[in-house]
Amino acid sequence: MDITLFDVEQIAKDIFNLSVEVKPLNGYDEMNFLLTTDAGKKYVLKIAPETIHPLLIQMQYEMTKQLSGSSLKNNFQEYIPGKNGEAIVPFEIKGEKVVIRLLTFLEGDFWVNTTQKTDSLFESMGNFLGKMDKALSGYYHPAAERHYLWDISNASDAERNLHFIKDDEKRRVAGYFLLQFNTEVQPVLSDLRHACIHGDANDYNILVKGSKVAGLIDFGDAVYSALINNLAIACTYAMLHQDDPIANAALIVKGYHEVNPLEEREIDLLYYLIAARLCISVTQSARQSVMNSDNEHHFLSELPAWKLLFQLLQTNPVKATNSFRLACRFPNIIHSDDNYKNIRDARYEHIGRNLSISYKQPLKIIKGTLQYLYDDKGNTYIDCVNNVSHAGHCHPTVVKATQRQIAILNTNTRYLSDLMIDYSKRLTAKLPSELSVCYFTNSGSEANDLAIRIARHFTKQKDIIVLDHAYHGTSTLAIEMSPYKFDGRGGSGRQPYIHKAISPDLYRGPFQYGDKDAGKKYADDVLRILQELKSENKKPAAFICETLLGVGGQIPLPEDYLEKVYEYVRSFDGICIADEVQVGFGRVGKTFWGFELQEVIPDMVVLGKPIGNGHPLAVVVMTEKLANTFNNGMEYFNTFGGNPVSMATGLAVLDVIENERMQQHALETGEKLIDGLKRLMTKHSIISDVRGTGLFVGAELVKDRTTKEPAVPEIDEVVERMKDRGYLLSTDGPLHNVLKIKPPLVFNEENAKGLVRNLDEVLNELNY
Ligand code: PMP
């Protein structure tokens, strides 16, 4: 609307008989003006476009009237009728139809400009809202039953605006919270108490006088919605710019509950409602920005809203909810620390007894949130080890793809399926063209088992060459080819058809850093085995190794190693299998697959763990020749392998890795992490080697850099103390002294810095 201050002066005179000075005020959809009479009396003139329905304007008027009969009667603007006696005046200006209202001016400072925000001010906000909602209880207007985008109950609609957010991490975080809204709030929403609410107690609408909230303006967002949403919206904006926003919100809750009691189930949703409101706000800002809006009101909350969303992401909802509950004197949901005796006893009774539990004080994790994990005691942990949740725990795109497909169809490969074709095409497009045929399974173990079966079938040989300390899975055959297991506790030793080559460890092995020929020298140990086999008139079926060694100690392979090994193995007619279960899908940053770092092309690759972001999916991808030979008359059928839900999940994982540029992110974040850890090496003699690429990193801890004696009790203590500081780490390597770091790829620079800083502090505490 092209309305000038002069036009407004005229309107004030013509309709309200006031001669005034005019100043523009903020407005989202409407235009607002401050009018000051010669005598210094102030008013607010509102000009609403025709797009705002007349019934809505009528409703705003009625709500204000309802409140004028309450204890808050002086805290809301009143309508001043025009010369014709009407408070709502339809008008036409410059050919446009508008509606004009004149309201009294409320004195006070806006919340956003209030510098001294005391606890009692926050409580007073709650008190004010509680009284307002009480005064409005029983009020109803049919126009309030509208589908309004700013109504938290409609937060799911914001999903369609996520694509306007250009920053990958922000888009993912907003998507995550909207997924939580759908999961935690949506199913119970319609059961909640509903009412006509103000719906916009934001920091530009709340007026403060002294240490009290003295007014609330702008009923433009009034809507019939869940009652708790009114409080949730007020909390959201009051939490902006705060260091401890949950504590502030708890004060507001307390003030509200004192005058208008809340229900437990309402309070238990508050955290998610606040996050949902922020998601509406940030998606709207992103949308307006793409549409080139120049209305600064559209972006007022954008930066602090993002900051608060990230603060919430790092706040365990159990902790937040408990604070809100305690503010209402509802029962505590965080229970005393019994070290989970009941669960542990039941687990001992009903679950296999050689499943291990991490940490001295076990964790009961109840929710996964991208790179964070929440336990049932309100703690937040940064997951620094779970490479399975590659794209982040509960990545919204992946979860939704799985949810959708499981609601449509889950069958098996005996029916034709577009999804299976789409996925195998997408996956093989990521691989060298030679690797073109997929066999889907449910786990890395099963896929390795199958790969060996195919290699044996093809070569008509049985012998397998593996690397010392390797782990390839838990099936009978996979255990047989995992020295980590068969040489370890409870293991039954090496089978005669399994052969161990020296682990190409440049830190501890016979050929070390600085030896330019180390790769070839280690490869020669594979040649030794091949020649031994030959001397017994045998040939290898397969050589299998990881393309960076995981359980073996987070070890990148020496230069030229696989090139030489594959050359040797092939010259003896063996099949080269790359186990990419730990390292594939962009983790290593420089390349998408680990084998690409070595510039080789395996005959078969085995993919697992990250492939389904936690969904049980794995695959063997092989050459056409191998696949043809395996097609020997015996059906390959795998009940779950290749099912449509797994395929939809796998596709979504590839989508997010690409759309959110995760490989590049892994490269950049990994470099910063490795630099930080290398800096620690100069301060702490216990760290004797830092190695890795992308977000696949290891740090070796020793008691003495010369003897390289592994620092085993020390590393265990470091891991425990890091856990107490909120970082979940783990150890690996044949000597159990390598700190392993392989977080979900959404692990960010701030997480990396925090990890290095806390590790530094822990090593200082322990004088290491
Ligand atoms: N290969 C490697 C290199 C692994 O690390 C693992 C699991 N740790 C497996 C195979 C087995 O995968 P899964 O546990 O999915 O059977």
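**Figure 1. Lining of the second largest cavity in the predicted model.** By class, the residues that line the second largest cavity of this predicted model divide into 4 nonpolar, 4 polar and 2 charged. The lining is made up of Leu467, Asp468, His469, Ala470, His472, Ser503, Cys545, Glu546, Leu549 and Gly552, and the space in this second largest cavity comes to about 60 Å³.

**Figure 2. Surroundings of the ligand.** Around the ligand stand Ser443, Gly444, Ser445, Asn448, Tyr471, His472, Gly473, Glu546, Asp579, Val581, Gln582 and Lys609; of these, His472 and Glu546 also appear in the lining of the second largest cavity. Two of the polar contacts shown involve oxygen atoms of the ligand: a polar side-chain atom of serine 445 lies 2.4 Å from an oxygen atom, and a backbone N or O atom of glycine 444 lies 2.9 Å from an oxygen atom. On a nitrogen atom of the ligand, the partner shown is lysine 609, which places a polar side-chain atom at 2.9 Å.

**Figure 3. Lining of the largest cavity.** Among the 6 cavities of 30 Å³ or more that the structure holds, the largest encloses about 80 Å³ of space. Its lining consists of Lys46, Gln60, Thr64, Gln77, Tyr79, Arg101, Leu103, Asp218, Phe219 and Gly220, and the elements that give two or more residues to this lining are α2 (54-68) and β6 (96-104). Sorted by class, the lining of the largest cavity comprises 3 nonpolar, 4 polar and 3 charged residues.

**Figure 4. The second largest pocket.** This view shows the second largest pocket, which holds about 1100 Å³ of space and is lined by 46 residues, with Gly27, Tyr28, Asn205, Asp218 and His297 lying nearest its centre. At least two residues of the lining come from each of β3 (42-49), α2 and α8 (270-290), and α8 gives the most, with 5 residues. By class, the lining of the second largest pocket has 18 nonpolar, 18 polar and 10 charged residues. Asp218 belongs both to this lining and to that of the largest cavity.

**Figure 5. Asparagine 205 and its contacts.** Asparagine 205 sits in the loop between β8 (194-197) and β9 (206-209), and is one of the residues nearest the centre of the second largest pocket. Asparagine 205 counts as buried because its relative accessible area is 6%, which is under 20%. Leaving aside residues up to four places away in sequence, asparagine 205 touches Phe110, His198, Asp200, Gly215, Leu216, Ile217 and Asp218.

Technical notes. Residues numbered from 1 in each chain as written. Predicted model: local features only at pLDDT ≥ 70, side-chain atom pairs only at ≥ 80, totals over all residues. Heavy atoms only, no water. 1 Å grid on protein atoms, 1.4 Å probe; cavity = no way out; pocket = protein on both sides within 12 Å on 5 of 7 lines; lining within 4 Å. Points joined across faces, edges and corners; volume = space filled by probe spheres on them. Helix = DSSP H or I, 4+ residues; strand = E, 2+ residues; numbered from the N terminus. Nonpolar A, V, L, I, M, F, W, Y, C, P; charged D, E, K, R; others polar. Buried < 20%, exposed > 50% of the residue type's maximum accessible area, 1.4 Å probe, protein only. Contact = heavy atoms within 4.5 Å. Near = heavy atom within 4 Å. Polar contact = N/O pair within 3.5 Å; in protein donor to acceptor, adjacent residues only side chain to side chain.
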